[in-house]
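The briefing below is arranged by topic for a reader who has the coordinates open. Please read each group of points alongside the structure shown here.

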Amino acid sequence: MLTAPSPLVRARDQQRQARLVATLFLGLVPISIFFTMMPLLVFQGGQGVLEGQGAHVVLLILVVAVIAYVISRTQYHRLSAVLLIAMSLLAVIAMVWLQDESDYVGLCYLVLPVLLASVLLSNPIALCVTLVELTLIYITQKFFFNYDLSLIMTGPFRFVLVTSTVILVIAWHRNAAEQDRQAELAESETRYRNVVEQASEGIALYAIENTRVVETNPAYQTMLGYSADEMLGLTLYDIVAHDRESIDDFVKRICHETHVVIGERKHRRKDGSLIDVDVTVSLFTAYARDFMCVVVRDITERKYAEGKIRTHSEQLEALRAINLELSAELDLSAVLQTITLRTMELSRADGGGFYRYVPEHDILERQISVGNSFLPLGQVWRRGEGLAGKILETRQPLMVDDYATWQGRSPILPATEHFALIGVPVMWRGEILGVLSANRFDTRSFTPDDLELLTMFATHAAVALRNAQIVEAEEHQRQRAESLSRATATLLETLDMEPLLGKILSAAIQAIPSAEKGSILLLDDKTEHLCIRNMVGYADPRVLAMQLALTEGYSGGAFETGMPLRVDDVPASEWRYTGDIPEMLALQSAIVAPMGYHGEIIGVIALDNATHTFAFDQADLDLLAVFANQASIALENAQLHSQMSESLAEKEAMLKEIHHRVKNNLQVISSLLNLQVKSITDPAALEALSESQNRVRSMALVHEKLYQSAGLARIDFKEYAQSLVTSLFHAFGSHSEHITFQVNAAAVEVDIETAIPCGLIVNELVSNSLKYAFPNGRIGKIELELCHAADWLRLCVRDDGIGLPLDLDFRQTESLGLKLVSMLASQLGGALTVDTTHGTEFTIAFTLGDSSSNHR
């Protein structure tokens, strides 16, 4: 449909209209050629058809029309309109000038310029063209052909005037209608543009053929950081952050579907950063071209929020798992290790640590280090010092992006290396238990989310830590009670001073696990110095040789004040060691308690730690004080035992001397009897003296055995009987050569009150057997048997000789020996029996007192 030219008419519509007019024009040229050459064909038989000037002009017009048609199919279609208008005017002038079929030819062409001007240009231009045509016709016919006005008005002039007027009126009407339509379209486009430009989502038009941006709204420009002009030079490959192959597949998919929800993608901003977007694409065709309308919603914040929610959920799950792990663990060291490890994992740190709060001194002590940590165990922070000290002071979490440049940095930490620190207090019901810290050595800084997470974790950690502390306190109390009980039992195992000192010290170190070394110092009354009497854990022998003045060192301080003393930082205290022994210089903390009895201090017991300051607490000191009191009692008992041992030794020496002198006196008596025997010739007197000598020798042998025994109160009766019988056999000489002797006695120890009567009985009975049981060299055997059971003793002497005379009553005999046996048996409270069935057997059974014997 032909429309009037308007700025609102799109170039593509004008191009289509230009092709239409050029096609119509090209169709009219053959008609003109036909009517131009028809007279020559009819009246002249076709001769000179192509030689006329009219034919040449028409052919020239044909060539120009073809050129104009070709131009109309390009972007220079407006040039084709101008060319056709000019050619039409020239054709009219030429036809009129040639006066050859000009009426018809002019009729064919006079309206074309007006039509072209109205279609491709504007109404004013069409009016101008009409006026020019009419002026040219009038001038040509008036001045060149001398037509009068009436003739001019009846020819082509009238036709052009009427036709052009009709064309102009129709064109004006259509142009007005088109302007109204275009105004509506413009208003609609304005509304659309307002909606698009004010939309929060990014909207862009892409040409399908080259994926180039055609138009974008401000939201999309802001989203990607480009200006409107910069956006027009971009393609999908410049914006979509995916490989070219996937983008090509995406375009192919769009060509097969009119509406596609692409979903989440990543777009590349001008600065090279990537953003997350949600993409919806629609395909439409306009002006014979395919376009993509891409609606882009920036979901970067949503993705960040989703990531944060996901991370938070993962963190909560991790906290739940950690809480279960901590709840199942009650060992304090394991709990602290787990808490510190999980702190490093949750904060994605390179290292971490836990500072234990020591309320007695209001300090923090580094107790646990994990990962890449730069602080040694035992490092102490005071209130307000460093990050941990600031947290202790404020009781608030704290993070530092660059500790090297932080104003609160502690000088003990390196200032040349960049690292970030974060720390949170571990608190239970308002009471601070410690500080958790983590560090990163790269350029990553901790975030408020990390701080919030660690603060939340610290709350769970505080519960687990408090539970572990309660369990540990109860376990320590139990262990200390057990250790104290074992130590007390150990102190009672010996009463010797030197072994006792070693047991006291070992038991104290065992009862207090923080103790690595220890020593016991006792007062030397001669030098009035404290001398080390025992030590554990020290390798340098010079330590044992140390002598301290009563006011020197922490041992002297405890001795002087008579009070237990705890030194948490030995090198920084007034009690520090100033000598040259490395082991003593290395001591870091110590506890010492005085030992004494009857209100007098006799020494001190000191326990040391060379690894940590503040290694001991008040409970350790109290336990050592209790232990020192028990050790004092044990030392007092040991000293009393020493005194009693010395007194007993003196008495034992005196008793030995008594036994020795009694034995010597009896031997003197025996020697005197032996001298008397040599001067007596009466057999009866000689026999009586010999028997008396044997009796004296048996008693002397008892004292000799007592003198040689360890206890001085009891003798081994078997050994005594064996020696006594051997002595008797030796005394009887050749008379006993054909007789054998056997002792079957249990290992029984008897005291002197039992040994002497039993020895005299054995002496009398064995002597009688040697003298009377084996006459005329008869071969025989004498047996001595001693049996012990419960609280009684049975002594039996038998021989296989000729036996006693049948008419002999051993209770009524005149023999001194048998009378003596009966008397001694009565003295022992025993019963004497005689069996003469096979030789002679004397048996005496008697009851032993509580201290009479000891059966081994």
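In which helix is Val162 found? Val162 is found in helix α8, which covers residues 156-198. The model is predicted, and the points that follow treat in turn its surface patch, its largest pocket, its salt bridges, and some notes on backbone and spacing.

**Helix α8 and the nonpolar patch**

- Leu161, Val162, Val166 and Ile170 together make a nonpolar patch of about 300 Å² on the surface.
- Val162, one of the residues of that patch, has a relative accessible area of 47% and is therefore classed as partly exposed, since that class lies between the 20% limit for buried and the 50% limit for exposed.
- Glu197 also has its place in helix α8, and with a relative accessible area of 41% this residue too is partly exposed.
- Between Glu197 and Tyr220, which are 23 residues apart along the chain, the C-alpha to C-alpha separation is 9.2 Å.

**The largest pocket**

- The largest pocket holds about 1,400 Å³ of space.
- Its lining is made up of 42 residues, and those closest to the centre of the pocket are Arg356, Gln367, Glu472, His476 and Asp617.
- Several elements each supply at least two residues of this lining, namely the helices α14 (332-346), α16 (448-491), α17 (497-511) and α21 (618-678), together with the strands β6 (351-358), β7 (363-371) and β11 (431-440).
- Helix α16 gives the most to the lining of the largest pocket, with eight residues.
- Sorted by class, the lining of the largest pocket consists of 16 nonpolar, 13 polar and 13 charged residues.

**Salt bridges**

- The structure holds 20 salt bridges, and the pairs described below are among them.
- Arg302 forms a salt bridge with Glu264, in which the closest N and O atoms are 2.8 Å apart. Because Arg302 lies in helix α13 (residues 300-327) and Glu264 in strand β3 (residues 259-268), this pair ties together parts that are 38 residues apart in sequence.
- Arg302 counts as partly exposed at 37% relative accessibility, and Glu264 counts as partly exposed at 38%.
- Arg302 also forms a salt bridge with Glu306, and here the closest N and O atoms are 3.3 Å apart. Arg302 and Glu306 are separated by about one helical turn, because they are four residues apart in helix α13.
- Glu306 has a relative accessibility of 33% and so counts as partly exposed.
- Glu583 and Lys517 meet through their side chains in a salt bridge of 3.5 Å, taken from N to O. This pair links distant parts of the chain, with Glu583 in helix α20 (residues 582-585) and Lys517 in strand β12 (residues 517-524), 66 residues apart.
- Is the Glu583 side of this pair buried or exposed? Glu583 counts as buried at 16% relative accessibility, and Lys517 is likewise buried, with a relative accessible area of 12%; both values fall under the 20% limit that defines the class.
- Elsewhere, Lys781, Glu783, Glu785, Arg794, Arg798 and Glu841 are joined into one network by salt bridges that share partners.

**Backbone angles and spacing**

- Most residues other than glycine have a negative phi, and that is why positive values are noted in the next points.
- Arg395, although not a glycine, has a positive phi of about 60 degrees. Arg395 is found in the loop between α15 (386-394) and β9 (398-400), where its relative accessibility of 34% makes it count as partly exposed.
- Arg429 has a positive phi of about 55 degrees and is not a glycine either. The place of Arg429 is in the loop between β10 (420-428) and β11, and with a relative accessible area of 76% Arg429 is exposed.
- Leu364 lies in strand β7 and is buried, with a relative accessible area of 0%.
- Leu364 and Val435 are 71 residues apart in sequence, while their C-alpha atoms are 8.0 Å apart in space.

Definitions and conventions: Residues numbered from 1 in each chain as written. Predicted model: local features only at pLDDT ≥ 70, side-chain atom pairs only at ≥ 80, totals over all residues. Heavy atoms only, no water. Patch = residues over 30% accessible without salt bridge, like charges linked within 9 Å, V, L, I, M, F, W, Y side chains within 5 Å. Areas by Shrake-Rupley, 256 points an atom, 1.4 Å probe, with all protein chains shown as cover. Salt bridge = Lys/Arg side-chain N within 4 Å of Asp/Glu carboxyl O. Buried < 20%, exposed > 50% of the residue type's maximum accessible area, 1.4 Å probe, protein only. 1 Å grid on protein atoms, 1.4 Å probe; cavity = no way out; pocket = protein on both sides within 12 Å on 5 of 7 lines; lining within 4 Å. Points joined across faces, edges and corners; volume = space filled by probe spheres on them. Nonpolar A, V, L, I, M, F, W, Y, C, P; charged D, E, K, R; others polar.
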